[in-house]
Amino acid sequence: MSAARPPSTRAVVGDHGGDWKLYVKGTLAGRLAAVAWRWRVAPRQAVRAWLAHRGEVAGRTAAQPRERRPVVFVIMAGQGEGQGLDDVLASIVRWEGPDAAVVVLDDATTDCRAARIRAIAPDAVVLRNRWPCARPPYQYTSIARLLREARRRFDADVVIKLDTDALLTGPGLGAAAARVFAEHPQVGLLGTVQQPRYDLWVLQRERRGGRAVRRLHDAALRHGYDGRKAHGGVYVLSRAALDRLAADGWLDWRPPVWTLLNEDACVGLGVWACGLSIGWPGGDDDAPTRSVSHEMPMVKEAVRPAGVLAVHSVRRGLAGENEAEVRHFFGVERRASSGAGP
């Protein structure tokens with residue numbers, strides 16, 4: 001196990017505001033029940049997505065030479081996230097420009113269609129799940145599919161993962177990350193570093209009956225894994241990390257269907273397993289990315305003055321703003337900086 005002592009269920013329940021369901025999810029039967037509950041609407045959603053996409057012409061799938069791009073952005077988009085996807089794509093187009101590549105996974109939605117995506121990012125690669133399978137915490141296979149496709153299609157220095165409630169807020173994130181990776185080749189993953197007790201609690205339980213989880217966890221432990229990861233709203237992988245993840249088979253790794261391990265925990269474990277480290281060398285306080293769950297990581301007016309180039313989540317501002325107000329603020333900044341455009 002990790003050098004950090006696995007927490008008790010009571011401690012994790014306390015971290016999650018007294019969520020009693022964690023006592024149930026701590027058992028295999030509880031995790032299996034959670035799978036059935038979370039996917040109860042999947043058949044209906046799959047049919048709705050199929051009806052919405054009828055008549056669309058599939059994109060090119062034949063093997064093509066890898067394109068040289070400095071940065072690739074990968075985004076998973078679920079049902080109801082079409083407007084958020086539009087906004088994050090507009091921020092990529094404005095702040096990274098035409099040299100950036102974009103790969104989007106439409107998780108069997110009706111509102112994240114290829115034509116809509118390419119109206120904003122014309123060269124975007126669009127993948128589609130016919131069956132919705134990228135809802136938390138079951139997202140690792142989908143992010144791995146995105147990373148495999150990014151690596152297959154593009155020769156890039158960095159790959160940046162953004163959620164649909166994240167935004168780029170300034171220029172040069174890809175270049176800044178590439179400089180860090182060049183100066184610190186032992187670093188493979190950049191982002192807001194977290195060390196949640198929840199991940200250690202999940203690993204303690206799932207490694208007992210899950211060979212796949214035990215194999216990944218043990219590989220990470222051999223390289224000093226201590227529970228640290230990069231928060232999943234915004235993170236950056238180096239070319240070396242992506243190549244090692246592919247070579248060591250972690251991009252083909254499949255967690256058990258009942259796992260509670262979130263996608264960012266799996267990516268962090270994979271990077272550890274490859275013998276690389278995590279985090280901006282100067283620490284989070286001076287980092288150009290800030291990512292926390294459910295709300296802005298800082299007051300929105302302080303983002304640009306602080307040199308922050310990407311934020312998550314824009315769902316709620318720290319001064320009580322709603323999502324529309326936060327998005328409007330950054331949209332106005334984009335248009336003011338360019339005089340026009342998205």
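1. Tyr140 is buried in this predicted model, its relative accessible area being 4%. Its aromatic partner is Trp253, and the two rings meet edge-to-face, with 5.5 Å from centre to centre and 70° between the planes. Trp253 is likewise buried, at a relative accessible area of 2%. Both values fall under the 20% limit, so both residues count as buried.

2. The pair of Tyr140 and Trp253 joins distant parts of the chain, 113 residues apart. Tyr140 belongs to helix 7 (residues 140-153), whereas Trp253 lies in the loop between helix 11 (239-247) and helix 12 (263-273). The whole structure contains four aromatic pairs, and this is one of them.

3. Another aromatic pair is formed by Tyr225 and Trp272. The arrangement is again edge-to-face, with 6.0 Å between the ring centres and 80° between the planes; the angle is over 60 degrees, and the pair is therefore classed as edge-to-face. Tyr225 sits in the loop between helix 10 and strand 7 (229-238), and Trp272 in helix 12, 47 residues away along the chain. Tyr225 is buried, with 4% relative accessibility, and Trp272 is buried as well, with a relative accessible area of 5%.

4. Turning to helix packing, helix 9 (residues 197-209) and helix 10 (residues 211-221) have axes 6 Å apart and pack at an angle of about 125°. That angle lies outside the ranges for roughly parallel, roughly antiparallel and roughly perpendicular, so helix 9 is oblique to helix 10. The crossing of the two helices is left-handed.

5. On the side of helix 9, the contact is made by Leu203, Glu206, Arg207, Arg208 and Gly209; on the side of helix 10, by Arg211, Val213, Arg214, His217, Asp218 and Leu221. By class, the residues of this contact comprise six charged, three nonpolar and two polar.

6. Helix 5 (residues 82-95) and helix 13 (residues 323-338) cross at roughly 25°, and their axes come within 11 Å. An angle under 35 degrees counts as roughly parallel, which is why helix 5 is described in this way relative to helix 13. This crossing, too, is left-handed.

7. Helix 5 contributes Gly84, Asp87, Ala90, Ser91, Arg94 and Trp95 to the contact, and helix 13 contributes Arg327, Arg334, Ser337 and Ser338. The contact of helix 5 with helix 13 has four charged, four polar and two nonpolar residues.

8. Leu167, in strand 5 (residues 166-168), is buried with a relative accessible area of 0%. Apart from neighbours within four places in sequence, the contacts of Leu167 include Asp87, Ser91, Arg327 and Arg334; these four residues also appear in the contact between helix 5 and helix 13. Val88, Leu309, Ala310, Val311, Val314 and Phe330 are also in contact with Leu167. The C-alpha atoms of Leu167 and Ser91 are 6.2 Å apart, with a separation of 76 residues in sequence.

9. Ser293 is located in the loop between strand 9 (289-291) and strand 10 (310-312). With 38% relative accessibility, Ser293 counts as partly exposed, because this class covers values between 20% and 50%. Once residues up to four places away in sequence are set aside, Ser293 touches His231 and His312. The C-alpha atoms of Ser293 and Glu56 are separated by 35 Å, and the two residues are 237 apart along the chain.

Terms used. Residues are numbered from 1 along each chain as its sequence is written. This is a predicted model: local features need pLDDT of at least 70, side-chain atom pairs count only at pLDDT 80 or more; totals for chains, interfaces and linings use all residues. Side-chain values use heavy atoms; hydrogens and water are left out. Axes are lines fitted to C-alpha atoms, for helices over the stretch in contact, and angles run from 0 to 180 degrees between N-to-C directions. Angles under 35 degrees count as roughly parallel, over 145 as roughly antiparallel, 65 to 115 as roughly perpendicular and the rest as oblique. A crossing is left-handed if the near helix is turned anticlockwise from the far one by less than a right angle, and right-handed if clockwise. Contact means heavy atoms within 4.5 Å. Ala, Val, Leu, Ile, Met, Phe, Trp, Tyr, Cys and Pro count as nonpolar, Asp, Glu, Lys and Arg as charged, and the others, Gly among them, as polar. Rings of Phe, Tyr and Trp (its six-membered ring) pair if their centres lie within 6.5 Å; planes under 30 degrees apart count as stacked, over 60 as edge-to-face and the rest as tilted. Buried means under 20% relative accessible area, exposed over 50%, partly exposed in between (1.4 Å probe, protein chains only).
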